[in-house]
Amino acid sequence: MLKFIDCFLRISVIPLSVATIWLTVTNQQDHTIFGKLKFSNLLGLKYMVCISAICAGYAFVAVVSSCIKFLVTKAWLFFLSDQIVAYLMVTSGAAVMEIIYLAYNGDQEVTWSESCSSYGKFCYRMKLALIFHALALVCFIVLAVISAYRCFCLFDPPSVPSNKEVEEGRT
């Protein structure tokens with residue numbers, strides 16, 4: 001059952017990441033006064049696209065390797081990789097969340113006005129891409145827990161000394 005959940009989550013990450021990339025890369029809007037806004041104008045969106053591509057590529061390689069039993073015996077490799085990808089996804093999601101927050105609210109202290117009233121479609125698609133990215137992140141968090149379980153269940157639990165052994169050690 002655990003292997004099925006693992007495989008299902010890894011396969012689910014691929015279309016979620018591809019949807020994130022597609023929504024972000026094709027996101028642009030033109031405004032008659034302020035000009036054209038596209039994803040390449042914002043570094044945080046470029047970062048999310050790169051991390052989503054890494055995430056989809058890693059998920060694909062992990063699914064293929066588990067199907068051909070190539071790296072499945074290396075539980076620690078999946079554990080480290082899942083952790084790294086999950087942390088990278090957190091950082092890219094945080095960067096885009098900050099962009100969305102500033103786009104909707106602005107920052108009056110530095111005289112940045114909100115921009116979503118002028119670029120509503122762009123902001124909506126950016127939010128949708130962030131939702132897909134967050135769903136992929138949830139998949140990777142669950143995958144990280146599963147891979148941690150697989151990695152650490154290979155070892156015996158630590159032995160706890162009995163009270164008698166502790167007392168003898170004090171004397």
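Begin with the whole protein chain, whose elements run α-β-β-α-α-α-α from the N terminus on. The secondary structure therein comes to five helices and two strands. The model is predicted. Of the 171 residues in the protein chain, 38% are buried.

Next, colour the chain by confidence. The mean pLDDT of the protein chain is 86, and 88% of its residues reach 70 or more. Select helix 5, residues 163–170, where confidence is lowest, at a mean of 63. Then turn to helix 1, where confidence is highest, at 93.

Keep helix 1 (residues 2–25) selected and add helix 4 (residues 120–152). Two packed helices are described by the angle between their axes and the distance between the axes. Here the angle is about 155°, and the axes of helix 1 and helix 4 lie 9 Å apart. An angle over 145 degrees counts as roughly antiparallel, and helix 1 and helix 4 are therefore roughly antiparallel to each other. The crossing in which helix 1 passes helix 4 is left-handed. Show the side chains at this contact: by class, the contact of helix 1 with helix 4 has 19 nonpolar, five polar and five charged residues.

Finally, select the stretches that an unreviewed UniProt entry annotates as "transmembrane region": residues 45–72, 84–104 and 124–149. Residues 84–104 are 100% helix and 0% strand, with the end C-alpha atoms of the span 30 Å apart. Residues 124–149 are likewise 100% helix and 0% strand, and there the end C-alpha atoms are 38 Å apart.

Terms used:
Residues numbered from 1 in each chain as written. Predicted model: local features only at pLDDT ≥ 70, side-chain atom pairs only at ≥ 80, totals over all residues. Heavy atoms only, no water. Axes fitted to C-alpha atoms, helices over the stretch in contact; angles between N-to-C directions. Helix = DSSP H or I, 4+ residues; strand = E, 2+ residues; numbered from the N terminus. Parallel < 35°, antiparallel > 145°, perpendicular 65-115°, else oblique. Left-handed = near helix turned anticlockwise from the far one by under 90°. Nonpolar A, V, L, I, M, F, W, Y, C, P; charged D, E, K, R; others polar. pLDDT = per-residue confidence, 0-100. UniProt positions renumbered as here; feature names shortened; annotations may be inferred. Buried < 20%, exposed > 50% of the residue type's maximum accessible area, 1.4 Å probe, protein only.
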